[in-house]
Amino acid sequence: MSSSVPRLVIAAPASGSGKTTVATGLMAAFAARGLAVSPHKVGPDYIDPGYHALASGRAGRNLDAYLCGPDLVGPLFLHGARGCDIAVVEGVMGLFDGAAGEGELASTAHVAKLLRAPVVLVVDASSQSRSVAALVHGFTSWDPEVRVGGVILNKVASDRHEWLLREAMEQVGVPVLGVLRRAPQVDTPSRHLGLVPVAERREEALGAVAAMAAQVSEGCDLDALMKLAQGAGALSCAAWDAAEAVSSPGRHPTRSHERPRPRVAVAGGEAFTFSYAEHTELLTAAGAEVVPFDPLRDEELPEGTSGLVIGGGFPEMYVSELSANEPLRKAVAGLAESGAPVAAECAGLLYLCRELDGQPMCGVLDAGARMTRRLTLGYRDAVAVGDSVLAEAGTRMRGHEFHRTAVEPGSGPDPAWGFRSPERRVEGFVRRGVHASYLHTHWASEPGVALRFVERCRTS
């Protein structure tokens, strides 16, 4: 199968150059032209895809060659881009920055090559003029397999500054596809783990996205960018499909008409915003009825809940409200005590602890959690220490940690994962039907996780 969805990868020499502004603005600007836009983000970021979804009206999706493996990048991209006129892929960090110690793996450049997509380099041009040409020349010549099709100059101070930059860029031979002036109105607030998620500031986020779209529409050549996107190479792979993933050889999902569909409650709302769209799709394909709920507002789990998924987010920002919702905390504890499957990642782990920053949580785990000043960040190569509702002992998965909290103890008598890199240690908790860990995983890399979880929901 061959597919050639028009697409662009928005990259930069370094973080903070303006990738999110340009990528989100482009998505919104193309959507305003009546185009169906597919939004994507390189790496494990959960927050930027929320802004992408606002801009495009479609679910933001991640493309991570470390978590899912290089072979799944193309299929997952085509899955998200079904029926779209153009796809915009926002990069991560600097163009060539990938998984530590793994060469180009999971870098923006790596993903661009896997997608056969042209790259648009966003350059922070503040405090430089002719030097921008040397910078762009270095990035365009470093890896001949990465096609840098144009540059967008960001944070340009004046007409004269723009003239100097354009004159310098003529010597490089890379087209200038846009010039953006300094515009603080498009800035979005940040805190300890990056931008504030859309769910916490929806009205303000809508305004920020509109400002990004206006700035990009005014400062960029959208027609030239579309033409560049149309020059992307064809992909000789099929689109990923959740139903096919859970029904591949060795996996036997129960057809929905053969037995009742178990109801899986998935935490959402402002406190639990981190999730991959494919997780819900896999749970549904495996035979579950997925029902969202908000731990800040709902005092009961959805009626008939037989399994619970609590992903990542910022419970530390809502600790008082979560603690005050005692009826729901007791309901979660009761469900876990019954042996029902419960899968918790990062924020979900904190919510299941006895307490978070001194305030009562669900008490499912005999552990306490607190905020710290230390940032734990990085990819992890993990193996399941024992059998759980998610995986058999010995199952290998790659994941990502990203938090400024600590849980004491860091693991229970039956840990969830053993980490093979960057250091050998065990982490997380397996207790009856509970699997709780700091590790964020992408289930598309191991669809059997979703199938196993749903089957346990049927039989628990």
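Me: Two strands pair if DSSP finds at least two bridges between them. How do you know that strand β5 pairs with strand β6?

Reply: The model is predicted, and local features are reported only at pLDDT of at least 70 and side-chain atom pairs only at pLDDT 80 or more, while totals for chains, interfaces and linings use all residues. Residues are numbered from 1 along each chain as its sequence is written, and side-chain values use heavy atoms, without hydrogens or water. Six bridges join β5 (residues 119-124) to β6 (residues 148-156), which satisfies the requirement of at least two, so the strands pair. Within this parallel pairing, V122 has I152 in β6 as its bridge partner.

Me: What makes a stretch a strand or a helix, and how many of each does the protein chain hold?

Reply: Both are DSSP runs numbered from the N terminus: a helix is H or I over at least four residues, a strand E over at least two. The protein chain has 14 helices and 22 strands. Its radius of gyration, taken over C-alpha atoms, is 23 Å. The globule rule (2.2 Å times the number of residues to the power 0.38) gives 23 Å for 460 residues, so the chain is as compact as a globular protein of that length.

Me: In what order do the seven strands of the open sheet stand?

Reply: The order is β3-β2-β4-β1-β5-β6-β7, with parallel pairing. Strands β3 (61-63) and β7 (176-181) are at the edges because each has a single partner strand, which leaves one side of each without a neighbour in the sheet. From one strand to the next, the twist averages 25°.

Me: Which strands does helix α2 lie across, and which does helix α5 lie across?

Reply: Helix α2 (residues 48-56) lies across β2 (37-42), β3 and β4 (86-90), at about 170° to β2. Helix α5 (residues 131-142) lies across β5 and β6, at about 150° to β5. Such angles run from 0 to 180 degrees between N-to-C directions, with axes fitted to C-alpha atoms, for helices over the stretch in contact (heavy atoms within 4.5 Å).

Me: Why is E162 called buried?

Reply: Buried means under 20% relative accessible area, exposed over 50%, and partly exposed in between (1.4 Å probe, protein chains only). The value for E162 is 19%, so E162 falls on the buried side of the cut-off. E162 lies in helix α6 (residues 159-169) and touches V156, V179 and R181, leaving aside residues up to four places away in sequence. Across the protein chain, buried residues make up 58% of the 460.

Me: What makes strand β12 largely enclosed by the rest of the structure?

Reply: Six of the six residues of β12 (residues 305-310) are buried, so the strand is largely enclosed. Four bridges join strand β10 (residues 263-267) to β12 in parallel, with T305 in β12 as the bridge partner of R263. Three bridges join β12 to strand β13 (residues 342-345), also in parallel, and L308 has V342 in β13 as its bridge partner.

Me: Why is C457 not counted in a disulfide?

Reply: A disulfide is a pair of cysteine sulfur atoms within 2.5 Å. The closest cysteine sulfur to that of C457, in C362, is 17 Å away, too far for a bond. The structure holds zero disulfides. As for burial, C457 has a relative accessible area of 4% and is buried, and C220, at 9%, is buried as well.
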